[in-house]
Amino acid sequence: MIVHCDKCAGRGIIVQDGVAEPCPCIKQRVINAKIKASQIPPKFSQYTFDRFNLGYYSRTMLDPEKRISHREIAASTLAAAKNFVHSYLKNNHTGGLLLTGPVGSGKTFLACCIANALLAQNKTLLFVVVPDLLDQIRATYDAARQKTVTESELLDTAREVPLLILDDLGAHNYTDWTRNKIFTIINYRLNYLLPTIITSNINLEDLEEYLGERTTSRIFEMCRPYRLLVDVDIRMQMAKSGF
Ligand SMILES: Nc1ncnc2c1ncn2[C@@H]1O[C@H](COP(=O)(O)OP(=O)(O)O)[C@@H](O)[C@H]1O
Ligand SMILES: [Mg+2]
Ligand SMILES: [Zn+2]
């Protein structure tokens with residue numbers, strides 16, 4: 001994202017009465033660099049709290065266990081996400097969130113709302129799509145490929161970034177190898193009190209089956225679980241309403 005600035009014509013400094021001063025647009029450039037480094041796909045940059053529409057969550061369908069409506073669940077999950085932003089701005093070692101729910105229930109949207117709100121506040125974070133990360137790590141093993149990045153670089157970035165969004169820690173075919181990679185990230189972040197926002201379509205009770213006990217117990221230690229429930233995939237709802 002290039003900043004077009006009328007004040008400094010993109011130079012970053014303004015000369016006034018022979019004195020050079022940094023242009024206010026510098027701040028925006030720093031933020032833009034952080035947006036780029038966060039690896040949030042451009043489409044997801046538009047996912048902001050003010051666009052999070054509660055209208056997609058049914059007011060009449062109830063969560064069979066809690067006897068509250070999908071709308072009420074979404075409202076409390078939205079509140080938890082906003083609350084995370086406030087807490088994180090005060091203390092960057094605050095606890096993370098685990099957002100679960102079916103496909104198309106707004107998990108990625110909400111995780112991006114958090115990310116975008118914090119990026120606007122000049123925070124550093126990384127958005128990682130779990131299957132993509134695992135693919136990237138696998139690709140570093142491929143001898144025929146030119147190496148631009150090593151496995152440990154990929155893992156270290158995810159381990160050490162102040163805030164990590166692990167998107168789509170979903171119901172994939174996990175092997176011991178993939179479980180181990182995820183474990184090293186989660187374990188490091190727990191030990192260094194680094195918050196993580198996780199989105200997953202796995203039910204809480206099935207998490208252990210997919211990820212193993214040691215990762216699951218650490219996730220529960222570092223993230224508060226919230227759900228988003230929809231009776232119809234929001235993508236379908238949008239398609240129907242002609243969005
Ligand atoms: N609360 C919401 N308000 C507006 N649009 C939403 C909302 N939740 C999801 N969407 C839209 O629905 C689609 C699916 O949402 P997404 O967050 O990717 O679902 P999930 O990650 O749960 O599979 C996206 O195009 C997103 O823009
Ligand atoms: Mg998603
Ligand atoms: Zn400028």
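This passage describes the domain arrangement, the surroundings of ligand 1 and the setting of one phenylalanine in a predicted model.

The protein is divided into two parts, with domain 1 spanning residues 1-38 and domain 2 spanning residues 39-240. A distance of 33 Å separates the C-alpha centres of domain 1 and domain 2. Contact between the two domains involves five residues of domain 1 and eleven residues of domain 2. On the side of domain 1 that touches domain 2, three residues are nonpolar, one is polar and one is charged.

Ligand 1 is surrounded by 16 residues, of which Asn53, Gly106, Lys107, Thr108 and Phe109 come nearest. Two elements, helix 3 (107-120) and helix 9 (234-240), each give two or more residues to this shell. By residue class, the shell around ligand 1 comprises six nonpolar, seven polar and three charged residues.

Phenylalanine 220 belongs to helix 8, which covers residues 213-222. Within 10 Å of the C-beta atom of phenylalanine 220 there are 14 other C-beta atoms. Phenylalanine 220 is therefore classed as partly exposed, because this class lies between the limit of 12 or fewer for exposed residues and that of 20 or more for buried ones. Phenylalanine 220 and proline 64 are 156 residues apart along the chain, and their C-alpha atoms are separated by 23 Å.

Definitions and conventions:
Residues numbered from 1 in each chain as written. Chains lettered and ligands numbered in written order. Predicted model: local features only at pLDDT ≥ 70, side-chain atom pairs only at ≥ 80, totals over all residues. Near = placed C-beta within 6 Å. Helix = DSSP H or I, 4+ residues; strand = E, 2+ residues; numbered from the N terminus. Nonpolar A, V, L, I, M, F, W, Y, C, P; charged D, E, K, R; others polar. Domains from an automatic or database assignment. Contact = placed C-beta atoms within 7 Å.
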